[in-house]
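I opened the notebook today to look up charged and aromatic side-chain contacts, one pair at a time.

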Amino acid sequence: MQFYLDGYQPGDPFVAAPHPSLSERPAGLPDTADVVIIGCGPAGLVLAAQLAEFPEIHTVIVDRRDGPLEVGQADGVACRTVEMFEAFDLADQLVHEGYQVNEVTFWRPDPADSSSIVRTGRINDVEDDLSEMPHMIVNQARMLAYLRDHMRRSATRAEPCYGLHATDVRVDPDPTAQHPVEVTLQHVEGFEPTGQTSTIRARYVVGCDGSRSTTRQAIGRRLEGEATNQSWGVLDVLAVTDFPDIRLKSAIHSEQGSILVIPREGGYLVRLYIELDNDRDAEMLRERSVTPDKLAAVANRILHPYTIDVKHVGWWAVYEIGQRLCDRFDDAENGDPPRVFIAGDACHTHSAKAGQGMNVSMADAWNLGWKLGTVLRGTSRPEILRTYSTERQKVAQQLIDFDREFAALFSARQDRDADPERFQHYFREQGRFTAGVAVRYEPSPLTARSVHQHLAEGFPIGMRFHSAPVVRLADAKPMHLGHAARADGAWRLYAFADRAHPGAADSRLRELAAFLSSVDSPIARFTPPGTDPDSVIDVRTVLQQGHRDVTVEDLPPVLLPRKGPFELVDYEKVFCPDPATDIFDRRGLDRDRGALVVVRPDQHVANVLPLDAHHELLDFLRGVLVEVG
């Protein structure tokens, strides 16, 4: 974390100075805004947190609840989501507070006594080098609290507006309208209308308002799909049990049904996903008479010969599995630019057992957030907004397909002759998907084709930038390379150097640095006057030499940029290999030629180029960014 760029200030350095525009904004609900976000769930608050990094953009967040969510709902935090939270400086708190999933156990009917269950397998939850971040379990309400805290600390001092239910969203057909989207808001208390309504006009509106989304209905989109006629109960409990794996994630299949055990944060709390049988539990399902006590009785039936004595219920729910998806995630029709977007449950729904709902919803929002922020800031072309629906709808379709197969396999009746390895093998094989790192965006203006992929085989184009340990040159700090990136809307150029010393005349890196310092470079072409040189394109370098074999005196000026009102030198742009695990070997980088890895603001690899492909780099960025002057 870097601070004091604008001068030393006492107090908490993680609280940004308020942006000057705040004094010009009216108290209460404004008449107009740049962006209106409807819904304060995971998607809505990730989007709000990302837009809070653009303090000149006026964002309004509304929610029909009276206040923040306090308990319940999703709890699984995939490795990729923890990586994303690192970009918001929130990963440390999340990891410190949450339960870390390390191993998974599998239980099936005992071959010697099918009325009992026995452990049949135990595997690592996350494969080696899948991510530097763990798979965590944290209450969704806490995840949302982290994001609200981040918003309050930002220069926008952003806060959600509660007690406002969006009842209509309309788009003005006039292409010259400055704020073409009108949102009608019904004031509510305890979800009951007060009789008061307000309207607000915006340049863009994003509906993160759940599976019954008013925004989705207003733009004419529909969730298509079907229910599976499978019902599950969820219990967050404090309990006493003789089941030995209660503090391990456990997938249990018995003759009486299935349970997924998810230990929770704090050392005592545990979540039980309990399959409800359409025959044995038909009466309470039909009469909707499910209670926590009845769910606990089903859990004891499935766990036999083990028992669980529930002492306290923190939260519970019953849901029916269904996979539904919209064909588009925006209002664009007939070539018109998108003005209204939907994210999260508003455009895809599925079961909870795979732990993907909250994670994919947050990824939707991060994908959209940097695009909206940079378009409104004027540094990105408006056309990139079309890529949101294209990219995320395909990811949601993959999730629906996975969830359908996973739910069916989890709920399948397990006869005593079935292969006990089948579900365990499937779980292991799908680990990359459930960790959130399998997403790969297809070629588009934001993602190049794999022409030069051989130069950096460990950074597949379209996939997330896979971090690795390095040592920062200036202060010899061991760290992860990916953690240098913030959720600030900037593109990153990671220049992995060739073998030559950076001060040598034949250094390809030095030649690249000279181009990036020239008037023809993308930095000169796309960085607005008066802003820091890394505000749009952030150049970072990894050398092949050890950190004691090079000094900052050997570095070209573009790797020591001057920033802020005092033109202070940023010394944190250059890294060297970690002696224990060389990033060039670990990520398959070409040592002779080096490689230039272009990374989007959402940390997905956009392109891989030779270090001397100067014009190819410029041509690629020209299709995304807005030239100045």
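I looked up Arg 540 first and found it buried, as is Asp 538, where buried means under 20% relative accessible area, exposed over 50% and partly exposed in between, with a 1.4 Å probe and protein chains only. Arg 540 and Asp 538 form a salt bridge whose closest N and O atoms are 2.8 Å apart; I count as a salt bridge a side-chain nitrogen of Lys or Arg within 4 Å of a carboxyl oxygen of Asp or Glu.

I note that this is a predicted model, in which local features need pLDDT of at least 70 and side-chain atom pairs count only at pLDDT 80 or more, while totals for chains, interfaces and linings use all residues. Residues are numbered from 1 along each chain as its sequence is written, and side-chain values use heavy atoms, with hydrogens and water left out.

Which residues are linked with Arg 540 and Asp 538 in a network of salt bridges? I list Asp 488, Arg 492, Asp 534, Lys 563, Asp 570 and Lys 573 alongside them. Within this network I looked up Asp 534 and Lys 563, whose side chains meet in a salt bridge at 2.9 Å, N to O. This pair links distant parts of the chain, 29 residues apart, with Asp 534 in the loop between helix H13 (522–526) and strand E22 (537–542) and Lys 563 in strand E23 (residues 562–563); helices (H or I, at least four residues) and strands (E, at least two) are DSSP runs, numbered from the N terminus. Both Asp 534 and Lys 563 are buried.

For the whole structure I recorded 51 salt bridges. One of them joins Arg 264 to Asp 75, with the closest N and O atoms 3.6 Å apart, and it links loops 189 residues apart: Arg 264 sits between strands E14 (257–263) and E15 (270–276), Asp 75 between strands E2 (59–63) and E3 (76–77). Both residues, Arg 264 and Asp 75, are buried.

I then turned to the rings and recorded 17 aromatic pairs, a pair being rings of Phe, Tyr and Trp (its six-membered ring) with centres within 6.5 Å, where planes under 30 degrees apart count as stacked, over 60 as edge-to-face and the rest as tilted. Phe 88 and Trp 366 have ring centres 6.2 Å apart and planes at 45 degrees, so I entered the pair as tilted. Both Phe 88 and Trp 366 are buried. Trp 370 and Trp 491 pair edge-to-face, at 5.9 Å centre to centre and 90 degrees between the planes. Trp 370 lies in helix H8 and Trp 491 in strand E21 (residues 491–496), so this pair ties together parts 121 residues apart in sequence.
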